[in-house]
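Colleague: I am new to this model and would like a close look at one part of it. Could you walk me through the sheet and whatever packs around it?

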Amino acid sequence: VLAPRHPERFDRVAGMVTASGEKLIKRSTWTPPISVAGSVFLLDTVGELASVYSIADIAFVGGSLVASGGHNILEPAQYGAAILVGPHTFNFREIVAIFEHGNALKVVSAETLGQTQLALLQSPEERRRMGRQAQALFAQYAGATQRTLHALHPLLEGPAGAQQ
């Protein structure tokens, strides 16, 4: 499954897949029960990525092989996918560091991405371990917005607890 996150890239990615000689199926034209086995399934829609992560064993979270800052790893973590990212994750630096330190993701290069994916496909136990660890870290850090609001609440009170 390829899931470009910017709709303006859908046609370009489709062209790249077709040019590579791979069989392409676009989500926008696919209807069940047509099998997608043996094809590159292009998620050329918006709003369906979470449902795909829910069935993924491995997720390479893109935008991280080039210096564009990467994308959010929390959705694949929530669903327990083994997560791979490239070295450029500055948009999500802190959470990637937590997950890397917790052995819940692997940082790969363009050169090692394919071999790392194959190694995980051949090692179901490692893949499941990474997914379980990612899901556990997701659960551990869930609710950050609520904790932040709770921590800020005293700062929003005026003298003697009066609301400002």
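Modeller: Happy to; here is a walk through the sheet, then its surroundings.

A word on the ground rules: this is a predicted model, in which local features need pLDDT of at least 70, side-chain atom pairs count only at pLDDT 80 or more, and totals for chains, interfaces and linings use all residues. Residues are numbered from 1 along each chain as its sequence is written, and side-chain values use heavy atoms, with hydrogens and water left out.

Let us start with the strands. The sheet is open and has three strands in the order S3-S4-S5, with parallel pairing. Strands (E, at least two residues) and helices (H or I, at least four) are DSSP runs, numbered from the N terminus, and two strands pair if DSSP finds at least two bridges between them. S3 and S5 stand at the edges with a single partner strand each, so one side of each has no neighbour in the sheet. On average, neighbouring strands here are turned by 20° against each other, direction ignored; such angles are taken between axes, which are lines fitted to C-alpha atoms (for helices over the stretch in contact), and run from 0 to 180 degrees between N-to-C directions.

Now look at the pairing itself. Four bridges link S3 and S4 in the parallel sense, and Ala-59 has Ile-83 of S4 as its bridge partner. On to S5, residues 105-107: three bridges join this strand to S4, again parallel. Here Leu-84 has Lys-106 as its bridge partner, while Ile-83 stands opposite Leu-105.

S4 is covered on both faces: Ala-82 and Leu-84 are buried on one side, Ile-83 and Val-85 on the other. Buried means under 20% relative accessible area, exposed over 50%, and partly exposed in between (1.4 Å probe, protein chains only). As background, side chains in a regular strand alternate between the two faces of the sheet.

From S4 you can follow the chain onwards. S4, H4 and S5 make a right-handed β-α-β unit; right-handed means that, with the strands pointing away from the viewer, the path from the first strand over the helix to the second runs clockwise. In the loop between S4 and H4 you will find Thr-89, which counts as buried because its relative accessibility is 15%. Leaving aside residues up to four places away in sequence, Thr-89 touches Ser-64, Gly-69 and Val-96, where contact means heavy atoms within 4.5 Å.

Finally, the packing. H6 lies across S3, S4 and S5, running at about 85° to S4. The largest nonpolar core has 21 residues, and Val-61, Ile-73, Ile-83, Val-85, Phe-99, Leu-105 and Ala-134 have the most contacts inside it. Such a core is a set of buried Ala, Val, Leu, Ile, Met, Phe, Trp, Tyr and Cys residues joined through side-chain atoms within 4.5 Å. At least two residues each come from H2 (49-53), S3 (58-61), S4 (82-85), H4 (93-101) and H6 (124-141). The largest share, four residues, is supplied by H4. A second, separate core has seven residues, including Ile-58, Ala-82, Leu-120 and Met-130. To see the larger core from one residue, try Val-61: not counting residues up to four places away in sequence, Val-61 touches Tyr-53, His-71, Asn-72, Ile-73, Pro-76, Ile-83, Leu-84 and Val-85.
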